[in-house]
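Got the viewer open? Here's a walk through the model, one selection at a time.

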Amino acid sequence: MSEPKEAALLSKMASEVFAGMIAPALENAPLIQAAEDDVLAKEDVLVRMERELKRALEKSPAERRWVMVIDLRRCIGCHACTIGCVAENKLPPGVVYRPVLTEEIGKYPHVAYRFLPKPCLQCENAPCTPVCPVNATYTNEEGVIVVDYDQCIGCRACISACPYASRTFDFGVNYTDKTVDRLTMVLGSSEAGKYETAGTAFEYGERRERQQHHSPIGNVRKCHFCLHRIKVGILPACTTTCIGRATYFGDANDPDALVSELIAKPNVMRLKEELGTEPRVYYLL
Amino acid sequence: MIKKLAYLVGGLTLLFGLWGFYDRFAYGHQNANYGSYVVWGLWVAMYLFFAGVAAGGFMVSTLDLLFGVKIFKGTGRIALWGSLVCLVAALISIGLDNGHLFRIWKVYLQGNPFSLLFQMVWGYTLFGAISVVALVLASRQPNNPWLKPVMAVGLVVSFFISGAVGALLGVNASRPFWHVGLFPVQFPVFSLASGVAMLLTALAFFGREDDENRPQQLWILSLTSVILLIVKLYFMWADYSQSMYGNVPMNVQAVRQVLFGEYWWAFWILQLLIGSLIPLVFLIQRKFATHNHWAGWMGILMLVGYAVARGLIIFPALTVPELEALVHAFSGPHLTFHYFPSLMEWAVTSGTIGIAILGFLFGSEKLNLFSNTPKEA
């Protein structure tokens, strides 16, 4: 299909809202040229990142520097990353590691949506770790900020210190709480609840049954770049579930890694740079 | 009459509190209204308040037990007891606010010394121990040469624990409303103000009728309360006006939240009118300031105002989103930027207040703390 036909088809098929979202990106942008620059043009980035991940795992943990890059131009606000994260880590109601911040900008007829996926930014100068009275949250040797659930006393000082609201508290609520039971059916808190509270999540490589008064209930929880997946050479859930391929993950200490290429671009930014937190999550504008 | 009323209030508040304690222990934090955004709620505010009264009570007790100010002779032990009771109430409040209360031992054995919370836990432990030792010495061996050194160390520690609360909030660069360099200086003044109000209330309601110093004590405490109240209001004015002029959005939003937003009624009616203006008007008049009931009730109004002020430091800063679009980013329980305490939270606070009231009354009677000298006990 020739270039003008592609553009015509897009403009015909797209809804007004969708067109509003992508129109600025298409304006004056020759599509063939864009394809040459496009990381997706050569191979699916997931394939490349998986390969790079395995290469990084051959190094010692201290030699790696995990970073995440999120291309805001590619994010379509589908929230697949949020849901992928919730499913992967079996997050209960009220606990979220990677919300997508959605803003409507402009005035009619120039209206568009802006999406900002926000995992924990894994700051190098993290304000959340020094406030912990029991060293329950700390930066591990790979540069990822983790929470030791058995150490955390649930004081929530780290939540209060985080400038990005990247931490949530597990209040012990379940999706099946107070739902009506139906005999002989897997419905309601007593039957379906068993599945919900079963220890089938593997955060930090630990298998935990969900029981009142037991961790992680009463703990602060946060994104950990899916360390349990990385450890076995699988990319974080938010990265693999991103249908727009807007999320990139890898070792920034590897000069040949995709993330190293991306964070060297001039259109890169980080949230609240002025605070000096040095986040390891970068955004492409 | 007042004592009976106090026992009644203490009993009823504790009774209501028992349900709250049950709910808290049975269901954890599920029925609380604070969440992952407004992360600290009523219990943290009440912890600040009670800890402030505890530190302030100790500071005031040094007038008698360290500096030997004649007019305050005999007031040291009751101020110490009030301080100790409030310390217990503060620790109940903050203890129940923790997700895993029974892991508190980790702070002692596996703690992070660079965390302000760690330093405060150790500070409260030291403060509590000093208060008990001082009370025992003051009650049983008032001439013991160790009493004054213990009180002197306690005075320093009381400044430390109240200043540390200010620092705990002040170090949060992400919350401009709290990130005030002078917070660690302001908080000891707030503590002293609440300690003086506590002693004023205690002496006015329960002090010895035959104590010839009592009217003068009440008058001095009233004037001191008024002066500290004005200093506190000045601090508040300085904070708010600079915030508004500075025009940093997160800061301005938090101040607006206090003045005209969700908490306007608490600020204008409870803190300013009831907690500041009314006591100020009455306590600058000697006839009211030396009248037992008037002085006592004004002391209570001031304490209410100080408690509300703690809440108005904690909540508004947290109701301002760190990132604007966060408000609608993800839905779920405990993910809201609005906060008003739940019934369970009120019940627990009620129970804590009940424990403080009954503990104060019971202890002051059994230990006979209102006598001028320990020998009379």
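Start in chain A by selecting the loop between helix H7 (188–197) and strand S7 (220–222), where you'll find A:Pro216. Keep in mind as you zoom in that this is a predicted model. Look at the peptide bond from A:Ser215 to A:Pro216: it is cis, with omega near 10°.

Stay in that loop between H7 and S7 of chain A and pick A:His213. Its phi is near 70°, a positive value in a residue other than glycine. Is A:His213 buried or partly exposed? A:His213 has 15 other C-beta atoms within 10 Å, so it counts as partly exposed; the buried class needs 20 or more. For context, most residues other than glycine have a negative phi, and most peptide bonds are trans.

Next, jump to the loop between S3 and strand S4 (137–139) of chain A and select A:Gln122. Here's another positive phi in a residue that isn't a glycine, this one about 45°. A:Gln122 counts as buried, because it has 26 C-beta neighbours inside 10 Å.

Now show strands S2 (residues 100–107) and S3 (residues 110–117) of chain A together. They run antiparallel, and eight bridges join them. For a landmark on the pairing, label A:Ile105, which stands opposite A:Ala112 in S3(A). How many residues sit between the two strands of this hairpin? Two residues lie between S2(A) and S3(A). Click on A:Pro109, found in the loop between S2 and S3 of chain A. The bond joining A:Tyr108 and A:Pro109 is a cis peptide too, with omega at about 10°.

S2 also leads you to the partner chain. Bring up both chains and highlight the contacts: 42 residues of chain A are in contact with 37 residues of chain B. On the side of chain A that touches chain B, S2, helix H6 (157–161) and strand S6 (167–169) each supply at least two residues. Colour that side by residue type and you'll get 27 nonpolar, 13 polar and two charged. For the complex, the predictor gives an ipTM of 0.92 and a pTM of 0.90.

Hide chain A for a moment and look at chain B in cartoon. What does its secondary structure come to? You should see 13 helices and zero strands. The radius of gyration of chain B is 20 Å, close to the 21 Å that the globule rule gives for 377 residues, so chain B is as compact as a globular protein of that length. Rotate to its principal axes and the C-alpha trace spans about 65 × 45 × 40 Å. Of its 377 residues, 52% count as buried. Among contacts in chain B with a separation of 6 or more, 79% come from residues 24 or more positions apart.

Then colour chain B by pLDDT. The mean is 94, and 98% of its residues reach 70 or more. Confidence in chain B is lowest in helix H9 (residues 249–259), at a mean of 94, and highest in helix H10 (residues 264–283), at 97.

For the last stop, go inside. The largest nonpolar core has 183 residues, and B:Phe50 and B:Ala90 have the most contacts inside it. Helix H2 (residues 42–65) of chain B gives the largest share of this core, 18 residues. Centre on B:Ala90 and, leaving aside its neighbours within four places in sequence, you'll find it in contact with B:Tyr47, B:Phe50, B:Ala51 and B:Ala54.

Methods. Residues are numbered from 1 along each chain as its sequence is written. Chains are lettered from A and ligands numbered from 1 in the order in which they are written. This is a predicted model: local features need pLDDT of at least 70, side-chain atom pairs count only at pLDDT 80 or more; totals for chains, interfaces and linings use all residues. A nonpolar core is a set of buried Ala, Val, Leu, Ile, Met, Phe, Trp, Tyr and Cys residues joined through C-beta atoms within 7 Å. A residue is buried if 20 or more other C-beta atoms lie within 10 Å of its own, exposed if 12 or fewer, and partly exposed in between; C-beta atoms are placed from the backbone. Helices (H or I, at least four residues) and strands (E, at least two) are DSSP runs, numbered from the N terminus. Two residues are in contact if their C-beta atoms, placed from the backbone, lie within 7 Å. Two strands pair if DSSP finds at least two bridges between them. Ala, Val, Leu, Ile, Met, Phe, Trp, Tyr, Cys and Pro count as nonpolar, Asp, Glu, Lys and Arg as charged, and the others, Gly among them, as polar. The radius of gyration is taken over C-alpha atoms; the globule rule is 2.2 Å times the number of residues to the power 0.38. pLDDT is the predictor's confidence in each residue, from 0 to 100.
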